[in-house]
Structure formats: structure tokens, C-alpha cells
Amino acid sequence: MAIIYPDVSRTFSEFLLLPNLTTRDCTPTSIDLTTPLVKYSSGNKPGLKLNIPIVSAIMQSVSNDTLAIALARTGGLSFIYGSQSIQTQADMVRKVKKHKSGFVVSDSNVSINHTLKDVIAMKEKTGHSTIAVTHDGTASGKLLGIVTGRDYRLSRDPLDKKVSEFMTPFEELRVGQLGITLSEANDIIWEYKLNSLPIIDKEQRLHYLVFRKDYDDHKANPEQLLDPQKRLVVGAGINTRDYKERVPELINSEVDVLCVDSSDGFTEYQRDTIKYIKENHDIKVGGGNVVDKEGFMYLVESGADFVKVGIGGGSICITREQKGIGRGQASAVIEVAKARDEYYEKTGIYIPICSDGGIVHDYHIVLALAMGADFVMMGRYFARFDESPNKKVKRGNSYVKEYWGEGSNRARNWQRYDLGESANLKFEEGVDSYVPYAGKLKDNLDVTLSKIRSTMSSCGAKSIKELQETSRITVVSSTSLIEGGAHDVILKESEY
């Protein structure tokens with residue numbers, strides 16, 4: 001006879017946090033959001049930590065190099081999607097690792113033989129008004145000059161005018177030598193009233209540009225997630241098919257951590273993948289997704305450095321609808337967290353868990369953490385931002401961004417589904433959709449983090465660990481949910 005669980009499968013929306021005593025020293029500014037990313041033994045520190053408990057989903061419409069840079073600069077982490085060629089994924093990882101806060105690899109470059117028309121086209125394409133002139137028109141060529149909006153007048157200069165005729169030549173530029181610190185570069189910028197400072201090597205080859213406008217931006221990101229070489233930290237998703245070829249290339253690109261991207265992690269395919277990686281490479285790798293103790297223990301015993309929890313809870317995921325497989329996200333996190341704690345008490349090894357899916361409101365993040373998750377993974381949340389790779393389109397009177405699931409026909413990511421010998425998606429487990437456009441990642445994430453800290457302050461918890469140990473959670477009724485929002489009033493915006 002089948003095993004039937006008597007407990008109801010619950011979601012985050014069915015719970016609320018009760019306030020605990022908030023002491024004078026438990027203010028939002030005093031909240032510590034650092035959290036372990038990979039497993040560690042008692043008395044030791046984890047090899048990788050997050051400065052905020054948030055990572056972005058392994059999805060084509062979410063996690064590319066642009067979003068990875070933006071999220072790492074705020075203290076989180078992106079797992080660059082694996083449903084692309086090995087080379088293009090490795091190249092994305094390299095772009096993140098080569099990016100230095102304040103040190104920008106120029107993506108607007110021309111040669112002296114280009115024309116004003118080319119410069120204007122470049123500006124329209126990239127939106128950048130500072131364009132480097134190199135001997136071969138590449139970002140790493142010998143620097144010959146710089147073109148800015150002050151070097152030409154569209155009303156007077158012909159479009160076929162050569163760049164060599166109106167650029168600011170190298171001899172007139174202030175430059176910094178490779179190895180200079182950001183502080184030293186900014187000192188030069190301020191001393192000579194520059195808008196940008198090219199950074200070159202001894203052969204005069206261009207490496208970076210440092211911009212005056214990035215100074216304040218750098219100061220505004222004190223929680224950047226950096227490796228020991230002061231480079232941004234980045235992860236990558238892999239599948240259970242081509243990992244023997246993909247993982248070495250990702251390691252060569254200096255990826256920091258891997259995660260097996262699968263709709264169901266409780267499989268021999270995933271066990272074989274994780275074991276092979278741990279036996280042949282020195283790299284941290286997470287597994288998932290699972291929804292109970294049995295699945296969690298299977299991945300832990302396979303060698304997973306963290307475990308992802310959640311099946312069917314994503315906004316674009318229809319696995320539960322199509323296959324009847326899954327579990328309410330809150331119930332899944334609670335059971336797996338209990339299993340994690342039991343394992344830690346028994347072995348002294350702590351396995352971080354990631355709650356993946358089911359986040360509708362910002363306070364759901366705090367609920368997930370209070371229930372035992374060490375960090376959360378989100379897709380829809382990040383798909384809305386400028387930095388995500390999906391298109392921004394206008395629908396009606398508002399802008400939206402495209403958002404599709406890895407289980408949709410659009411993604412064609414059959415590799416994440418352990419389908420045996422079949423290499424086709426016979427049916428979809430994800431949808432193709434839109435999400436409201438929301439602007440820049442940092443602007444929105446700052447608000448979310450402010451809410452998280454404020455909620456934790458009301459719970460009297462100054463750290464995620466303390467939140468997990470002391471929080472009090474209550475189940476709510478459907479009528480209680482109605483009571484929790486605006487009710488029995490006429491909202492002003494409804495009049496217009």
C-alpha cells in the first residue's frame with residue numbers, strides 16, 4: 001500500500017511570523033545576513049559564504065553574466081544557466097571573473113580607421129559615450145586614443161570623418177598602469193578632473209576603464225561577494241548529461257561553485273554526477289531538487305555540498321499540474337531542515353539548504369529562513385530587472401519582460417530532465433510568460449533587503465541562525481489573509 005502523509009502540504013502564504021522581543025541593539029542596521037553556501041564541519045568555517053541569503057535561478061531568462069555581476073556586487077550569487085553550449089557558458093563565467101568593481105572591460109571600441117558614423121552607431125548600440133580607440137578595435141588592443149561626446153559636433157562634422165581626425169590622442173590622455181588600486185585610480189580621476197581613466201599595461205594595451213561615476217557606486221556596494229583575489233564570485237548550473245565535458249571547462253573559466261540543475265534530484269543520475277565531480281575535481285557542487293528527508297539524505301550521501309529544496313513551486317513551473325509531483329514549499333523546507341539538523345547533530349557536518357520556489361512576497365524569504373533554509377533561490381524576482389537577459393517589451397500602457405521556464409518548449413532544456421534514453425520533451429513542465437518590468441536590480445533588492453532586516457528585527461533576531469532558533473510561526477486561515485491586507489476601505493487609486 002502507498003505511504004500516505006496525513007499532514008497538509010503547505011505553502012509560505014499559509015504562515016505568519018509572531019513578533020519576539022526587539023531589544024535596543026536589534027535594529028535593522030545591526031542585522032547580519034551572511035549565511036553558509038557550502039557544507040562545513042563543526043568548529044570550522046564554510047569554504048564559501050553569501051553576504052545576503054539570495055541566489056538567482058539557473059534559467060535562460062534570468063542568470064547570465066550581466067545579472068551575475070549585479071547580484072554579486074550586492075552580496076548574492078548567480079548560477080549561470082547551463083542550457084547553452086559549454087563554451088558560451090564558460091565565456092559568461094570568465095566575464096564575471098574578469099569584472100572588477102570599478103575596473104570595467106571596455107565593450108565600446110573602434111579603430112582609427114572607423115568613422116564618426118561608426119562611433120554614433122556604437123553609442124546607440126551600447127549606450128556608452130566613452131569609446132576606446134585601439135589599434136585593432138578590440139577591448140585589449142594597443143590604446144591609441146579616446147572618443148567622447150566632446151570630440152565631435154554632429155551639426156558640423158561629416159559622418160565619414162575618420163576617428164583619427166577627431167579623437168583625443170594617447171599623448172594627451174592621463175592613464176593608469178595595470179596593477180593600480182581602485183583607490184589610486186580614483187585619486188587620479190579626482191586630481192585631474194577626469195571622467196574616465198584608461199588602465200594599460202607596459203605594452204600600452206588597454207585592460208580596463210575606471211569611470212568617475214562608478215566611485216559612488218563602488219561605495220554603495222560594501223557587501224560585494226568576492227573571492228580571495230578580490231574578484232566577484234559566480235556559480236554555474238550543470239546537467240546530468242554532459243558534465244564530464246562541461247565541468248572541466250567551467251573550472252578552467254574559474255567558476256567558484258556548481259549546482260546540478262534538475263527538476264528531480266532524487267535520482268541515480270544525479271548521484272552519479274555528483275560522485276564523479278567530487279572524485280575527479282576540486283570544486284564545490286550542490287544537488288537538488290528534493291522535497292523530503294529521503295531525497296535530502298540521498299544527495300548528502302552522494303557528496304552534495306548543499307541541497308536545493310522545492311518541486312513545482314516556481315511561478316512558471318507546472319510540474320505539479322502535469323505530473324502530480326511536488327510538495328508545498330513550506331512543508332518541504334520544514335522537513336528537509338529537520339533532517340539537516342539531525343544529520344549535523346549526528347555527524348558534526350552542516351549541509352546548507354536552499355529554498356527554491358514559492359516566494360511570492362518579500363516576507364516569504366524570512367519565513368523560508370526561519371523554517372530552516374540557509375538561502376533562497378528566485379527566478380521571477382530577478383527576471384523583472386534590467387540586468388536579466390530577457391527582452392523588455394511594451395504591452396498596453398506598461399512595460400514587461402519575457403520570462404519562461406526551463407521546462408518549457410522555448411527553453412528546450414531537456415538535459416535537466418532525467419528521461420532515460422529520450423532526448424525530447426514530450427510535454428512541458430514550464431510556461432512562457434511575462435513579468436512586470438521593475439528597473440535596476442540594486443534599487444529593488446535594496447528594498448527587499450530592508451524589508452528582510454526590518455522583519456528580522458521585529459522577530460528579535462540579529463542573524464539568520466538566531467532567527468532559525470528563536471522564531472515563532474503560526475498557521476493562518478484564508479480569512480486571516482484577507483484581514484492582513486487593506487480591507488473595508490475605498491482605495492484612492494480605485495477612483496481613477
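**Figure 1. Glu254, in the loop between helix H7 (243-252) and strand S15 (257-260).** Helices (H or I, at least four residues) and strands (E, at least two) are DSSP runs, numbered from the N terminus. Phi of Glu254 is near 75°, a positive value even though this residue isn't a glycine. Glu254 counts as partly exposed, at 40% relative accessibility; here buried means under 20% relative accessible area, exposed means over 50%, and partly exposed is in between (1.4 Å probe, protein chains only). You're looking at a predicted model, where local features need pLDDT of at least 70 and side-chain atom pairs count only at pLDDT 80 or more, while totals for chains, interfaces and linings use all residues. Residues are numbered from 1 along each chain as its sequence is written, and side-chain values use heavy atoms, with hydrogens and water left out.

**Figure 2. Lys193 and a cis peptide bond at Gly288 and Asn289.** Lys193 isn't a glycine, yet its phi is positive, at about 55°. Look for Lys193 in the loop between helix H5 (182-191) and strand S12 (196-200). With a relative accessible area of 68%, Lys193 is exposed. The other oddity is the cis peptide bond that joins Gly288 and Asn289, with omega at about 10°. Asn289 belongs to strand S16 (residues 284-290). Why point these out? Most residues other than glycine have a negative phi, and most peptide bonds are trans.

**Figure 3. Ile54 and the largest nonpolar core.** A nonpolar core is a set of buried Ala, Val, Leu, Ile, Met, Phe, Trp, Tyr and Cys residues joined through side-chain atoms within 4.5 Å. The largest one has 98 residues, and Ile54, Leu77, Phe79, Leu258, Phe296 and Phe382 touch the most other members. Helix H11 (residues 329-347) chips in the most, with seven residues. Leaving aside residues up to four places away in sequence, the contacts of Ile54 (heavy atoms within 4.5 Å) include Leu71, Leu77, Ile365, Phe382 and Leu449. Apart from this core lies another, of twelve residues, including Met122, Val147, Val163 and Met167.

**Figure 4. Pro53, in the loop between strand S4 (49-50) and S5.** Pro53 is buried, with a relative accessible area of 0%. Among the residues it touches, not counting those up to four places away in sequence, are Leu33, Thr35, Phe375 and Ile464. Pro53 and Thr34 are 19 residues apart in sequence and 6.7 Å apart in space, C-alpha to C-alpha.

**Figure 5. Helix H14 (residues 441-458) and what covers it.** H14 has 18 residues and reaches 26 Å from its first C-alpha to its last. That's close to the expected 26 Å, the expected span being 1.5 Å times one less than the number of residues. Which residues of H14 are buried? They are Leu441, Asn444, Leu445, Thr448, Leu449, Ile452, Arg453, Met456 and Ser457. Their cover includes strand S5 (54-56), helix H1 (65-73) and helix H15 (464-470). Just after H14, Gly460 takes a positive phi of about 70°.

**Figure 6. Tyr40 and Tyr350, a tilted ring pair.** Rings of Phe, Tyr and Trp (its six-membered ring) pair if their centres lie within 6.5 Å; planes under 30 degrees apart count as stacked, over 60 as edge-to-face, and the rest as tilted. The structure holds eleven aromatic pairs. In this one the ring centres are 5.4 Å apart and the planes are at 35°, so the pair counts as tilted. Tyr40 lies in strand S3 (residues 40-41) and Tyr350 in strand S18 (residues 349-350), so the pair ties together parts that are 310 residues apart in sequence. Both tyrosines, Tyr40 and Tyr350, are buried. Ring pairs also bring in Tyr344, making a cluster of Tyr40, Tyr344 and Tyr350.

**Figure 7. Arg384 and Lys392, each over a tyrosine ring.** A charge sits over a ring if NZ of Lys or CZ of Arg is within 6 Å of the ring centre and within 35 degrees of the ring normal. The charged end of Arg384 sits over the ring of Tyr381, 4.8 Å from its centre. Lys392 lies over the face of Tyr437, at 4.4 Å from the ring centre.

**Figure 8. Cys259 and Cys354, two cysteines in no disulfide.** A disulfide is a pair of cysteine sulfur atoms within 2.5 Å, and a search of the whole structure finds zero of them. For Cys259, the nearest cysteine sulfur is that of Cys354, 7.4 Å away. Cys259 is buried, with a relative accessible area of 0%, and Cys354 counts as buried at 1% relative accessibility.
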